Amino acid sequence: MSDQSDVKEVVNSPGAEGAGEAGLPKVKSEKELQKEKKRLEKLAKFEAKNKKKAEESAKKKAQPESEKKKAKKEDITVITYDIPTPAGEKKDTQCPMPEAYSPAYVEAAWYEWWTQQGFFKPEYNDPKMDIEKRGKFMMVIPPPNVTGSLHLGHALTNAVEDCLTRWNRMNGKVVLWNPGCDHAGIATQVVVEKKLWKEQKITRHDLGREKFVEQVWKWKNEKGDRIYHQLRRLGSSLDWDRACFTMEPKLYRAVQEGFIRLHEKGLIYRSVRLVNWSCTLNSAISDIEVDKKELPGRTMIAVPGYTEKIEFGVLISFAYKVEGTDEEVVVATTRIETMLGDTAVAIHPNDDRYKHLHGKFVIHPLVDRKMPIVLDEFVDMEFGTGAVKITPAHDHNDYDVGVRHKLPFLTIIDDKGNITSDCGQFSGMKRFDARKAVLEALKEKDLYRGTQDNPMVVPTCSRSKDVIEPLLKPQWYVDMKDMAADAVKLVREGELKIVPEMHEKTWYNWLENSRDWCISRQLWWGHRIPVYFVTIDDPNIPKGSDSDGEYWITGRTEDEARDKAAKKFNVPSEKIKLTQDPDVLDTWFSSAFFPFSVFGWPDETPDLKKFYPGTLLETGHDILFFWVARMVMFGRALMGEKPFKEVYLHAMVRDAHGRKMSKTLGNVIDPIDVMTGISLENLHLRLLEGNLDEKEIAKAKEGQKQDYPKGIPECGTDALRFALIAYTSQGRDINLDVLRVQGYRFFCNKIWNATRFALNALGTDFKPKPTKQLSGKENEMEMWILSKLSNTVESCKTGFENYDFPLATSACYNFWLYELCDWYLENIKPIIYGTDEEAKTICRDVLYTCLDTGLRLLHPFMPFVTEELFQRLPRRSDNEPPSICVTRYPLPEDYPWRNAKLEEEVDFVQNIVKAVRSVRGDYNITNKMKPELYVLCSDEETANLVRTHSDLIQLCSLSSCVEIMTDKTPPKGCAVQTVSAKCETHFMIKDFIDIGKEQTKLNGKKERLEGQLQKIDEAMGKSDYESKVPEDVRQKNIEKKSELSMEIDKLTQALAMLSTMQQ
């Protein structure tokens, strides 16, 4: 990882006299001198500003020292772009470059210009969108919730999707990345309900449905575009003219049409089944909105609506008496209140303990009910007593048993979470108050048999934090069987590709075992279900029930539904009374239409014909079933073809310690805070924006203090994007250390300074050749950097094509940092500041090719800094594209310069220089000190290779001279490093260090490290170490011991070397 001091070394390295801009000599031609006056005139507008800075500087010098320190601490200069530029107009890049990279400066104005110019539209430069000729890349955004704000998961999603979009656009394809936003039924309704209560102390019921929905639209229009602004901040190259909202008329119509067509196909039906019921929201919720809270045993949990915490994580045993005998059957439950709804006891048919009870009954002790003992193989004979209480109306497993044995389904808990009126003394109680009361009643009747800890999972509503209650409800369901089988077949036969392949197993597992999908939601905000209950004013036709699908008629309008009902029941339409279902559709239902609803389906629009099916769907693996699979199924059912060819699933973002992002841990970070920087105090204030209690806030603050003791530094958008994409390795979660993002900010600084130096080296009158054609006179280092550039181009192509993002980001990073900056730019200085004009011309052409190509390679990952620098480069011709984002991406066939043999030779030379740099670091030999370097080779072949590059070695190692030896012995006083089996470096440092002082320093350090190592050895040697010390601590100790041992060995070798210098 680079740092800022590292960055400066490339452009301000010693050895350059008469330094000009960027710390390097300015070698000017006659033409350049003539342009000097014009350049100075251009800078005139900055004179006032510079004068003011000088006055402030003088004022600071006059301050007392204490005030200077205070001012230095408080006044952190941020470089900003302050040239007046109307929104949408091109940024001024003719002004001088700031001396250092500044995200605030670089990111200003570009995004507005990109969108104003239409670069993100598929029609750009091709109104007819010639897909047959150019190819197509189409992708929809996973629509974020309208209530949402950006988190790191969003940032990862959009960084990956945008880099793919920009890469395809630069490859000349017709590209559409379609934005959109989800209405987020439950989340939005909760937000607006809270707002109404906070501001007006009214509920939605006080307003009524129509007025409440108006309030939601008002909130959406005022606050709902926040996440769009954040996506723009990330540089997402979306076609905003095609942005969609799932509740807008176009998409509302598509969802309505989809429901009606699926219902007419028999794929949607009405049924009474168990649903996940939130008593607080008074609605069914989807599986993905259920948080599964794992408990190790007895745990007290806060539940909305209760002043005291409720006990969970225990198994309570009680007895049912067998009818007509003194015998009892003991059963156990984690929800004792549900025994009020028991309608049977189940035993395994092969359980010998209970064979005499086959066909018998038990008596319910608290309500007047006789219950059969049923035989069912689902019972685990080894668990507990081998007898199971059956509550068909309140448990998913029991429901299936109830269906198999035709048991009564008794609902004993109502929509609000209260016990129903037919439960005797418990009627009207809140369900968890009844939990205590039922237990006491069983104890009074001497039927209680004990309580024990029981690890369990408690399902809770992610929105309300209420404990989910399984309730029987008449709802609308999607028949999943045939559609799921078809989706499985698509992947098995390779028609739909899932990347990484490891997720195919999840695809098969979910779809092959999927239950029919409940799509009804008892909300007011959402797509009202286009179905009407029919009441007929005719005594000859029996009345229908709410649960009977035959009495429900779909219709795009009420009139259409009435006509359909009249035909179905063969009665005049005036005898038909219709009542629309008050429920709305599950948000995931409307999202499943997104790949074609955004294009105006069911109308055959031009966009629908061009862009459906799409190319790729990119999202997180956590919604593979909830969203991706359902889009595939609905696309096949309604459009006749899959909505995309490939699915790429990125990993989940975790914190640096591998923990899930959690508000209570204080590790949920807003990406904008990483981009702009934030203090620890303001991070603490962020915690107050959520719903954490005081204890959770205190815990979160501690977490923030440990991870971000100085807050988060300003890293910029490009650095954040690059970090997220670089971490994206297929199949692995991302443990993102936010502070490591800062390392990529330093990388941006490196690119910035390297480009400043390069532009200076090119000169103001440089005009690149029309093509990259070489002269044939390029030297070895020029051919080496072009070989490395060719390899980088190939790696980027391979990385993008295979979704191997680390391959592409590593290639770009290594090229810019280690190959271009650390080596090539150092190597060209003697040429640039020399007198050989032909060599300068060749060098400048190669340098330009490296800059131009390197920026284009980086652009999909780092759009802002690459555009800023690209605009400052001269063009090969006058008809080049106006922006880097619509400029051709480098392709391997245009870079035929790969030379593996040459790379191997230069790699060897680099190892020699690295060996010298290592000695400089070990003995604190500064760059101003220039000892002699002796390179000892064991054969002539190696020596000749070193001789070929001796000038480069001298330059890069900052040696006064380089002497290559094969049959001589280097003089004493050298620090020795082994480069290979055939080569050693001997660096004459004796005259540049105080040997005695150095020995004292190294001995002191060695003693300290040996003391640390001894403590670790003593701790690890204790008899109870393995049993008492946590595994993660033991692993850290092993790693620390290894590091200490290596460091001590290194110090021992250094001391031995110093001893030889005294002889």
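How far is the sulfur of Cys-181 from the closest cysteine sulfur, and in which residue does that neighbour lie? Select Cys-181 and Cys-244 to see the answer: the two sulfurs are 11 Å apart, too far for a bond. The model on screen is a predicted one, and it holds zero disulfides. Cys-748 is likewise in no disulfide, the nearest cysteine sulfur being that of Cys-715 at 9.6 Å. A disulfide would require two cysteine sulfurs within 2.5 Å. Next, display the surface around both residues: Cys-181 is buried at a relative accessible area of 3%, and Cys-748 is buried at 0%.

**Stop 1: helix 6**

Select Glu-112, which belongs to helix 6, residues 110-117. With a relative accessibility of 39%, Glu-112 counts as partly exposed. Leaving aside residues up to four places away in sequence, Glu-112 touches Ala-87 and Gly-88. For a sense of scale, add Lys-355 to the selection: the C-alpha atoms of Glu-112 and Lys-355 are 79 Å apart, and 243 residues separate the two in sequence.

**Stop 2: a tyrosine pair**

The whole structure contains 53 aromatic pairs. One of them is formed by Tyr-269 and Tyr-477, whose ring centres are 6.0 Å apart and whose planes meet at 20°, so the pair is stacked. Colour strand 5 (residues 268-278), which carries Tyr-269, and strand 18 (residues 469-478), which carries Tyr-477; the pair therefore ties together parts that are 208 residues apart in sequence. Tyr-477 counts as buried, at 3% relative accessibility.

**Stop 3: helix 17 and its surroundings**

Move to helix 17, residues 504-512, and show the side chains of Trp-507, Tyr-508 and Leu-511, which are buried. Turn the view to look down the axis of helix 17: its buried residues fall within an arc of 95°, so they line one face of the helix. An α-helix has 3.6 residues a turn, so residues three or four places apart point the same way. The partners to select next are helix 16 (481-492), strand 19 (497-499) and helix 22 (624-639), against which the buried residues of helix 17 pack.

**Stop 4: the sheet that contains strand 19**

Strand 19 leads into an open sheet of three strands, ordered 19-27-26 with parallel pairing. Strand 19 and strand 26 (616-620) are the edges; each has a single partner strand, so one side of each is left without a neighbour in the sheet. From one strand to the next, the twist averages 20°. Strand 19 is joined to strand 27 (residues 646-650) by three bridges, and Lys-497 stands opposite Glu-646 in strand 27. Bring helix 22 back into view: it lies across strand 26 and strand 27, at about 170° to strand 26.

**Stop 5: a four-stranded sheet**

Finally, select the open sheet with the strand order 31-30-33-32 and mixed pairing. Which strands stand at its edges? They are strand 31 (961-965) and strand 32 (974-980), each with a single partner strand, so one side of each lacks a neighbour in the sheet. Neighbouring strands here are turned by 20° against each other on average, direction ignored. Strand 30 (residues 932-937) and strand 31 run parallel and are joined by five bridges; Glu-932 stands opposite Cys-961 in strand 31. Add helix 32 (residues 900-923), which packs on the sheet and touches strand 30, strand 32 and strand 33 (983-988). The direction of helix 32 makes about 145° with that of strand 32.

Definitions and conventions: Residues are numbered from 1 along each chain as its sequence is written. This is a predicted model: local features need pLDDT of at least 70, side-chain atom pairs count only at pLDDT 80 or more; totals for chains, interfaces and linings use all residues. Side-chain values use heavy atoms; hydrogens and water are left out. Buried means under 20% relative accessible area, exposed over 50%, partly exposed in between (1.4 Å probe, protein chains only). Two strands pair if DSSP finds at least two bridges between them. Helices (H or I, at least four residues) and strands (E, at least two) are DSSP runs, numbered from the N terminus. Axes are lines fitted to C-alpha atoms, for helices over the stretch in contact, and angles run from 0 to 180 degrees between N-to-C directions. Contact means heavy atoms within 4.5 Å. The arc is that of the directions from the helix axis to the C-beta atoms. Rings of Phe, Tyr and Trp (its six-membered ring) pair if their centres lie within 6.5 Å; planes under 30 degrees apart count as stacked, over 60 as edge-to-face and the rest as tilted.
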